[in-house]
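Here are my notes for someone opening this entry for the first time. Please keep the view open while reading.

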Amino acid sequence: MDPQRITQLIENTHEIQGRVRRSLREIDRRALNAMVLVKRHGNVLAGYGVIASAFREQAAKLQVAAETLQHGVEPLIQSSMRLLQIQNYSHSIQTMLRSIGEGISLGDLPETERRWEADIAKEQIMIGEIIADLLRNLERFQEGIAEQEYVVTNGRIEAALVESSGVPLSRVSREMGRAVAEVRKAIAEWKQQLEEFTHESSTDL
């Protein structure tokens, strides 16, 4: 595994997680705004109240799913850092071995290098397994986003039905939709990056 690709993957992961967290907070905020509107206008928005409740419920599920992803990212970072460290050690030993002239005792250096190489292979397998788990969790997250988008669509329909009431439900629904779309986009980008990293790493072996 290329150290630069690993470092880039970790940086991209941090950036995307930040985007997801911000968008999830926005989703919950918009759902709360909808609930406030429903309570303020009573029976006029009873139908939309069901939508707003479902939206907050789905938002809570996405938050739990995001926390599950976070738990998966931590071991990825730890294993990646260990791999980078071992690769640096191995590279140093290889440089030393190349610099030693013929006929000079190498001591334990060759055995140490073999151990580092074995540790590198072990960490690479670990990283592959962690990424496979992350991809499975990302797919489940995408299913949750699809459910949220279904609720958003219903919210737009319901908002259109009560548009004459003068309540700005259409705007709230649009804002909900944008926040959900941002989460979907971020998760899709992250999934693609993990898949590309897995593919590139497998071709290096």
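1. Which residues does Ser80 touch, not counting residues up to four places away in sequence? Ser80 touches Ile6, Ile10 and Ile127. Bear in mind that this is a predicted model. Every value below is computed from it.

2. Stay with Ser80 for a moment. Ser80 lies in helix α2, which covers residues 46-99. Is Ser80 buried or exposed? Ser80 has a relative accessible area of 2%. Ser80 therefore counts as buried, since the cut-off is under 20%. The side chain of Ser80 also has a polar atom 2.7 Å from the backbone oxygen of Leu76. That pair is a polar contact, because its distance falls within 3.5 Å.

3. Now the overall fold. The protein has four helices and zero strands. Read from the N terminus on, the elements run α-α-α-α. Among contacts with a separation of 6 or more, 83% join residues 24 or more positions apart.

4. Next, the surface. The protein has 205 residues, and buried residues make up 39% of them. About 11600 Å² is exposed. Carbon and sulfur atoms supply 53% of that area.

5. Helix α1 deserves a look along its length. Helix α1 has 39 residues. How far does α1 reach from its first C-alpha to its last? The span is 58 Å, close to the 57 Å expected at 1.5 Å a residue. Gly42 follows α1. The phi of Gly42 is positive, near 60 degrees.

6. Leu32 is also found in helix α1. Leu32 is partly exposed, at 39% relative accessibility. Leu32 and Arg56 are 24 residues apart in sequence. In space, the C-alpha atoms of Leu32 and Arg56 are 7.3 Å apart.

7. Turn to the nonpolar interior. The largest nonpolar core holds 49 residues. Which of them touch the most other members? They are Tyr48, Phe141 and Ile187. Helices α1, α2, α3 (109-161) and α4 each supply at least two residues of this core. The largest share comes from α2, with 13 residues.

8. Phe141 makes a good place to zoom in. Leave aside its neighbours within four places in sequence. Phe141 is then in contact with Val20, Leu62, Ala65, Ala66, Leu69, Val183 and Ile187. One of these partners, Ile187, is also named among the core members that touch the most others.

9. On to charged pairs. Side chains of opposite charge can pair when their charged atoms come close. How many salt bridges does the structure hold? The structure holds 14. Three of them are set out in the points that follow.

10. Glu189 and Arg19 meet through their side chains in a salt bridge, at 2.8 Å from N to O. This pair links distant parts of the chain. Glu189 is in helix α4 (residues 169-204), Arg19 is in helix α1 (residues 3-41), and 170 residues separate them. Glu189 is partly exposed, at 26% relative accessibility. Arg19 is buried, with a relative accessible area of 12%.

11. Lys61 and Glu57 form a salt bridge within helix α2. Their closest N and O atoms are 3.9 Å apart. Why does about one helical turn separate Lys61 and Glu57? Because they are four residues apart in helix α2. Lys61 is partly exposed, with a relative accessible area of 46%. Glu57 is partly exposed too, at 48%.

12. Finally, look at Arg171 and Glu175. Their side chains meet in a salt bridge, at 3.2 Å from N to O. Both lie in helix α4, four residues apart, about one turn of the helix. Arg171 is partly exposed, with a relative accessible area of 40%. Glu175 is buried, with a relative accessible area of 14%. Which residues join Arg171 and Glu175 in one network? Glu26, Arg29 and Arg30 do, through salt bridges that share partners.

Key:
Residues numbered from 1 in each chain as written. Predicted model: local features only at pLDDT ≥ 70, side-chain atom pairs only at ≥ 80, totals over all residues. Heavy atoms only, no water. Buried < 20%, exposed > 50% of the residue type's maximum accessible area, 1.4 Å probe, protein only. Polar contact = N/O pair within 3.5 Å; in protein donor to acceptor, adjacent residues only side chain to side chain. Contact = heavy atoms within 4.5 Å. Areas by Shrake-Rupley, 256 points an atom, 1.4 Å probe, with all protein chains shown as cover. Salt bridge = Lys/Arg side-chain N within 4 Å of Asp/Glu carboxyl O. Expected span 1.5 Å × (residues − 1). Core = buried A, V, L, I, M, F, W, Y, C linked by side-chain atoms within 4.5 Å.
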